[in-house]
2 protein chains.
Amino acid sequence: MEAKEISLSNSEWYIMENLWESSPKTATQLIKAMETETGWAKSTTKTVLRRMEQKGCIAYTEGAKAREYYPLINREEVVESETSSFLNRIYNGSLGLLVNTLVKKQDISDNEMEELYNIIKEARERKQS
Amino acid sequence: MEAKEISLSNSEWYIMENLWESSPKTATQLIKAMETETGWAKSTTKTVLRRMEQKGCIAYTEGAKAREYYPLINREEVVESETSSFLNRIYNGSLGLLVNTLVKKQDISDNEMEELYNIIKEARERKQS
DNA sequence: TTTTGTAGTCTACATATGTAACCCTAAGCA
DNA sequence: TGCTTAGGGTTACATATGTAGACTACAAAA
């Protein structure tokens, strides 16, 4: 399994997050959004859209006035794929290593610590039952 | 803080991991290593080395017979920087979200779960004391 | 009908990245 | 003493990515 490696560039993430949040959207809507979010010129958004289309991560249907873009991949897939490639590359695949590193660096706030603790505690209990 | 964004491409990681493991190393040693690890041709390794030198992540001293390459940045720094940019990009900066996602996907083995539990439990207790 | 906003196409250009061939010199070995 | 190898330099070339201008067509507003 795990045949296709889904991977998005920074620019592509901007667009995708936007479409995942709500779709379909027309080019103009996206252009507006990107302009405020990132300051891109109209043509920049257009270009990125075209490339993403080619890469197969989005598609469109011909709407009444304009094309309606929608995502072809879902967030979870991409997140998963990026996460596992990240963990492998940097932490030898080990989530423990990651968490350990952040813990050591005291990069985790009290709140986050509690949250983490609860997540793990529950998951663990669920497993053991 | 956090002025400089350290970021390594895939190819660069190969070299760096090698140098972090033990350095200095000569070009020839690295070429050999890369050849077995990745199948790169000699000139490929040379090119990547040159680029990394320019980017300032490695440097060399003139050895008796050949240059001795060594890293200019340490693993921790890079790992930190990559981790935070990853978490921000994908999980909105939240480690909890990451862990939660993996937990939900049952992507965490029993061993890893125990490990995580212990890491968090201890860190948490340390904090509260 | 003239201006303007919307939709869409094509082209451009710099930097990054992956990958590698070609070329020269000095030193070691057969 | 000619071939092989190590060490080093230069150039190349495709794809990816960030970023954007130029130009065309059409419909709605003025």
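1. **How the two copies relate.** In this predicted model, chain B can be laid on chain A with an RMSD of 0.2 Å. The operation is a turn of 180 degrees with a shift of 0.1 Å along the axis. The two copies are thus related as by a two-fold rotation axis. Copies are superposed by least squares on the C-alpha atoms of residues with pLDDT of at least 70 in both. Of the residues of chain B, Tyr117(B) comes closest to the rotation axis, with its C-alpha at 3.6 Å.

2. **Ground rules.** Residues are numbered from 1 along each chain as its sequence is written, while chains are lettered from A and ligands numbered from 1 in the order in which they are written. The model is predicted, so local features need pLDDT of at least 70 and side-chain atom pairs count only at pLDDT 80 or more, whereas totals for chains, interfaces and linings use all residues.

3. **The interface between the chains.** 30 residues of chain B are in contact with 30 residues of chain A. Contact is a matter of C-beta atoms, placed from the backbone, lying within 7 Å. On the side of chain B that touches chain A, two or more residues come from each of α4 (75–91), α5 (95–104) and α6 (110–128) of chain B. Helices (H or I, at least four residues) and strands (E, at least two) are DSSP runs, numbered from the N terminus. The largest share, twelve residues, comes from α6(B). By class, this side of chain B has 16 nonpolar, four polar and ten charged residues. Here Ala, Val, Leu, Ile, Met, Phe, Trp, Tyr, Cys and Pro count as nonpolar, Asp, Glu, Lys and Arg as charged, and the others, Gly among them, as polar. 100% of the interface residues of chain B are also interface residues in chain A, so the copies meet through the same surface.

4. **The largest nonpolar core.** This core has 20 residues. A nonpolar core is a set of buried Ala, Val, Leu, Ile, Met, Phe, Trp, Tyr and Cys residues joined through C-beta atoms within 7 Å. Buried means 20 or more other C-beta atoms within 10 Å of a residue's own, exposed means 12 or fewer, and partly exposed is in between, with C-beta atoms placed from the backbone. Both chains contribute: α5 (95–104) and α6 (110–128) of chain A, and α5 and α6 of chain B, each give two or more residues. Val99(A) and Val99(B) have the most contacts inside the core. Leaving aside neighbours within four places in sequence, Val99(B) is in contact with Leu116(A) and Ile119(A).

5. **DNA strand C.** 19 residues surround this strand. A residue is near a strand if its C-beta atom, placed from the backbone, lies within 6 Å of it. The closest are Thr28(A), Ser9(B), Asn10(B), Ser11(B) and Ser43(B). At least two residues come from each of α2 (27–38) and α3 (42–55) of chain A and α1 (10–21) and α3 (42–55) of chain B. α3(B) gives the largest share, four residues. The surface holds five nonpolar, ten polar and four charged residues.

6. **DNA strand D.** Strand D is surrounded by 19 residues, the closest being Ser9(A), Asn10(A), Ser11(A), Ser43(A) and Thr28(B). Here α1 (10–21) and α3 of chain A, with α2 (27–38) and α3 of chain B, each supply at least two residues. The largest share, four residues, is from α3(A). The classes are five nonpolar, ten polar and four charged.

7. **A buried residue in α3 of chain A.** Leu49(A) is found in helix α3. It counts as buried, with 21 C-beta neighbours inside 10 Å. Not counting residues up to four places away in sequence, Leu49(A) touches Ile15(A), Ala27(A), Leu30(A) and Tyr69(A).

8. **Backbone points to check.** Most residues other than glycine have a negative phi, and most peptide bonds are trans. The peptide bond from Ser23(A) to Pro24(A) is cis, with omega near 0 degrees. A cis bond also joins Ser23(B) and Pro24(B), with omega about 0 degrees. Pro24(A) sits in the loop between α1 and β1 (25–26) of chain A. Asn92(A) has a positive phi, near 55 degrees, and lies in the loop between α4 and α5 of chain A. Asn92(A) is exposed, with 9 other C-beta atoms within 10 Å. Phi of Asn92(B) is near 55 degrees, and Asn92(B) is exposed, with 10 other C-beta atoms within 10 Å.

Conventions
Two residues are in contact if their C-beta atoms, placed from the backbone, lie within 7 Å.
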